[in-house]
Amino acid sequence: MTTNTRRRNNLAISQALFQAAERVMTTDGFSELTVDGLVSEVGTSRPAFYRRYRSIARLALDVILERYPDAPSSNTGSLRSDLLALQRNDVAMMTSPLLMHNLPALLEAMRTDNTIRQSYLDRFIAPRRQNVANVIAAAVERGEIVEKNVDSEYICDLLFGPLLSRILLPTDLPVTDVTARQTVATVLKELNVEKRGQA
């Protein structure tokens with residue numbers, strides 16, 4: 001077997017494992033995602049899996065980061081419109097089967113695997129929090145926000161906290177566009193910004 005053939009075979013196995021994991025995560029959730037199940041479906045071996053991933057949780061995080069690689073920014077010229085665009089994007093993401101069925105288990109995995117935790121923070125959380133900071137900075141520059149020293153991290157918590165609590169806690173409360181609009185209204189009130197029109 002030539003080197004190129006081995007590389008193609010290795011890539012094919014990696015892609016097959018990834019696709020099988022994404023299918024299980026979307027339809028059944030993290031609890032049904034196992035190494036034995038994946039290698040059986042793909043037709044490979046446990047050593048082949050562990051040559052690629054240290055754990056099933058690391059593969060699961062890679063699937064989520066591949067599906068949501070970017071944190072779309074917003075620059076409409078209006079604080080309310082920008083925050084609403086960001087929040088609507090997060091609502092759509094958080095209510096997707098991929099996130100709803102797997103995020104609770106991944107958060108638990110982060111307690112014991114610092115690599116997962118750091119990757120989640122750096123590649124998933126930080127860009128989204130930076131988007132909020134950028135939107136607030138632009139609003140300050142435009143004069144929409146009078147306060148110059150806004151705690152953007154706290155604003156992020158006001159926006160994302162309600163989404164996370166409703167996804168993780170057994171409240172059966174919905175996460176919808178109403179949630180997006182309500183959380184943005186809370187932030188505008190915190191920032192002493194009057195509501196300007198509807199979006």
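These legends describe close-up views of a predicted model.

**View 1. The cavity enclosed by the model.**
A search of the whole structure finds 1 cavity of 30 Å³ or more. About 190 Å³ of space lies in the largest cavity. Its lining counts 15 residues, and those closest to the centre are Asp90, Arg128, Arg129, Val132 and Phe160. Three elements each give two or more residues to the lining: helix H5 (79–94), helix H8 (114–142) and helix H9 (152–168). H8 gives the most, with 6 residues. By residue type, the lining divides into 9 nonpolar, 3 polar and 3 charged. Rolling a probe the size of a water molecule over the atoms shows where empty space is left.

**View 2. Asp90, at the cavity lining.**
Asp90 sits in helix H5. Is Asp90 buried or exposed? The relative accessible area of Asp90 is 10%, so Asp90 is buried, under the 20% cut-off. Leaving aside neighbours within four places in sequence, Asp90 is in contact with Arg128, Phe160 and Leu163. Arg128 and Phe160 also appear, with Asp90, among the lining residues closest to the centre of the largest cavity.

**View 3. The largest nonpolar core, with Phe124.**
The largest nonpolar core has 59 residues. Those with the most contacts inside this core are Leu33, Leu38, Phe49, Leu79 and Phe124. H8 supplies the largest share of the core, 9 residues. Which residues does Phe124 touch, not counting residues up to four places away in sequence? They are Ile64, Leu65, Tyr68, Met93, Leu99 and Ser119.

**View 4. Leu103, in helix H7.**
Helix H7 covers residues 103–109, and Leu103 lies in this helix. Leu103 has a relative accessible area of 1%, so this residue is buried, under the 20% cut-off. Not counting residues up to four places away in sequence, Leu103 touches Met94, Tyr120 and Leu164. Leu61 provides a link across the sequence: Leu103 and Leu61 are 42 residues apart along the chain. In space, the C-alpha atoms of Leu103 and Leu61 are 8.9 Å apart.

**View 5. Helix H10 and its cover.**
Helix H10 has 14 residues, 177–190. How does the span between the end C-alpha atoms of H10 agree with 1.5 Å a residue? The expected span is 20 Å, and the end C-alpha atoms are 20 Å apart, so the two agree. The buried residues of H10 are Thr179, Ala180, Thr183, Val184, Val187 and Leu188. The cover over these buried residues includes H5 and H9.

**View 6. Thr179, a buried residue of H10.**
Thr179 is found in helix H10. Its relative accessible area is 5%, so Thr179 is buried, under the 20% cut-off. Thr179 touches Leu163, Arg166 and Pro174, not counting residues up to four places away in sequence. Leu163 is also one of the contacts of Asp90.

**View 7. Ser81, in helix H5.**
Ser81 lies in helix H5. Its relative accessible area is 27%, so Ser81 is partly exposed, between the cut-offs of 20% and 50%. Ser81 touches Ser74 and Thr76, not counting residues up to four places away in sequence. What separates the C-alpha atoms of Ser81 and Val184 in space? The distance is 9.3 Å, while the two residues are 103 residues apart along the chain. Val184 is one of the buried residues of H10.

**View 8. Positive phi at Asp172 and Asn192.**
Most residues other than glycine have a negative phi. Asp172 is not a glycine, yet has a positive phi of about 60 degrees. Asp172 is placed in the loop between H9 and H10. With a relative accessible area of 77%, over the 50% cut-off, Asp172 is exposed. Asn192 also has a positive phi, near 60 degrees, in a residue other than glycine. Asn192 is in the segment after H10. Why does Asn192 count as exposed? Its relative accessibility is 70%, and exposed means over 50%.

Methods
Residues are numbered from 1 along each chain as its sequence is written. This is a predicted model: local features need pLDDT of at least 70, side-chain atom pairs count only at pLDDT 80 or more; totals for chains, interfaces and linings use all residues. Side-chain values use heavy atoms; hydrogens and water are left out. On a 1 Å grid over the protein atoms alone, a cavity is a set of points where a 1.4 Å probe fits but cannot get out, and a pocket is an open set with protein on both sides within 12 Å along at least five of seven lines; lining residues have an atom within 4 Å of a point. Grid points are joined across faces, edges and corners, and a volume is the space filled by probe spheres set on the points. Helices (H or I, at least four residues) and strands (E, at least two) are DSSP runs, numbered from the N terminus. Ala, Val, Leu, Ile, Met, Phe, Trp, Tyr, Cys and Pro count as nonpolar, Asp, Glu, Lys and Arg as charged, and the others, Gly among them, as polar. Buried means under 20% relative accessible area, exposed over 50%, partly exposed in between (1.4 Å probe, protein chains only). Contact means heavy atoms within 4.5 Å. A nonpolar core is a set of buried Ala, Val, Leu, Ile, Met, Phe, Trp, Tyr and Cys residues joined through side-chain atoms within 4.5 Å. The expected span of a helix is 1.5 Å times one less than its number of residues.
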